[in-house]
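Reader: I'd like a close look at one part of this fold. Could you walk me through it once the picture is up?

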Amino acid sequence: MSYQNILVDPQDAITTITINRPKKLNALNKETIAELHDAFADANDDADCRVIIITGSGEKAFVAGADISEFADFDVSEGAELARKGQELLFSFVANLETPVIAAVNGFALGGGLELAMAAHFRVASDNAKMGLPEVSLGVIPGYGGTQRLPQLVGKGKAMELIMSAGMIGAEEAKSWGLVNYVVTQEELLPLCKKIASKIARNSSTAIAAAIRSINANFDKRKDGFETEINEFGMSFGTEDFEEGTTAFLEKRKPEF
Ligand code: COA
């Protein structure tokens with residue numbers, strides 16, 4: 001599929017999706033959100049793809065937010081629709097994807113940019129990254145899951161302060177908060193993400209999908225996380241990967257998933 005606003009690079013088991021609007025600091029307009037939805041869905045359906053990396057093009061920004069020029073004249077119902085559609089198409093979609101998604105945060109991750117990074121399953125940042133949810137400085141609040149995922153990741157007090165102050169934190173502070181797992185230079189960012197992705201890709205993708213569903217159940221009020229884990233654990237005994245994984249262990253060889 002050809003895209004106007006993103007680049008998709010499938011290599012071996014890892015698909016890298018790059019948001020490619022560097023002149024607009026990769027701001028998420030409607031078209032980019034739709035393209036990202038399609039690219040994530042395709043990668044998730046591709047049996048060869050075992051891990052997805054999402055990043056931004058250029059050296060300045062991961063994503064500097066939702067495209068402010070698109071919603072500046074919206075009314076109340078258009079505002080609600082913007083948030084609902086965005087969450088459905090991209091942010092909740094990514095968070096619930098069964099293929100692991102790593103966000104390589106290579107610069108500004110603001111507003112919708114930080115919300116996209118937080119929807120990914122975990123984050124790695126370059127040392128120039130700056131993160132924040134500055135929406136209240138525009139008279140609006142985060143609408144792509146930011147008020148929910150930030151407190152889940154860093155705790156209520158820190159989330160309250162970051163959102164209320166519309167401030168930005170640097171990469172090291174984000175790491176100390178638990179918002180990103182590692183901080184490296186820009187040159188090291190994608191290589192490190194690919195190294196982690198290769199490690200993940202060696203494991204059972206059906207078991208990883210079950211682990212994602214179970215972990216996510218902890219954050220879904222409609223679900224009982226422990227019950228989900230019990231069911232997913234039981235279901236894994238019926239998979240080919242379980243048979244291969246346990247047989248390979250007993251035969252003292254590496255499993256072929
Ligand atoms: N939506 C639309 N356009 C955006 C954007 C956004 N969220 N963020 C940046 N851009 C555009 C700018 O309008 C500018 O376009 P132009 O060259 O056509 O004027 C271009 O990207 C470069 O941005 P600029 O502001 O000139 O870069 P900077 O280095 O001076 O500042 C930021 C960088 C990130 C601090 C600044 O762009 C910014 O504050 N962006 C908005 C962040 C935000 O509030 N996001 C939440 C949105 S809900």
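Which strands does helix 8 (residues 186-201) lie across, and at about what angle does it run to strand 7?

Author: Sure, and keep in mind that this is a predicted model. Helix 8 lies across strand 2 (14-19), strand 3 (51-56), strand 5, strand 7 and strand 10. Its direction is at about 155° to strand 7.

Now for the sheet under discussion. It's an open one, built from six strands in the order 1-2-3-5-7-10, with mixed pairing. Strand 1 (6-11) and strand 10 (182-184) sit at the edges with a single partner strand each, so one side of each has no neighbour in the sheet. From one strand to the next, the twist averages 20°.

Let's zoom in on strand 7, residues 122-126. This strand pairs with strand 5 (residues 101-105) in the parallel sense, over four bridges. To pick out a pair you can click on, A103 has R123 in strand 7 as its bridge partner.

You'll probably want the ligand too. It is surrounded by 16 residues, and the closest are K24, K60, A64, A66 and I68. By class, that shell holds nine nonpolar, two polar and five charged residues. An N or O atom in the K60 side chain is 2.6 Å from a ligand oxygen. A64 and A66 use the backbone instead: an N or O atom of A64 lies 3.0 Å from a ligand nitrogen, and for A66 the distance to a ligand nitrogen is 2.9 Å. On its own the ligand has 860 Å² of accessible area, and the protein covers 60% of that.

Conventions. Residues numbered from 1 in each chain as written. Predicted model: local features only at pLDDT ≥ 70, side-chain atom pairs only at ≥ 80, totals over all residues. Heavy atoms only, no water. Near = heavy atom within 4 Å. Polar contact = N/O pair within 3.5 Å; in protein donor to acceptor, adjacent residues only side chain to side chain. Areas by Shrake-Rupley, 256 points an atom, 1.4 Å probe, with all protein chains shown as cover. Nonpolar A, V, L, I, M, F, W, Y, C, P; charged D, E, K, R; others polar. Pairing = 2+ DSSP bridges. Helix = DSSP H or I, 4+ residues; strand = E, 2+ residues; numbered from the N terminus. Axes fitted to C-alpha atoms, helices over the stretch in contact; angles between N-to-C directions. Contact = heavy atoms within 4.5 Å.
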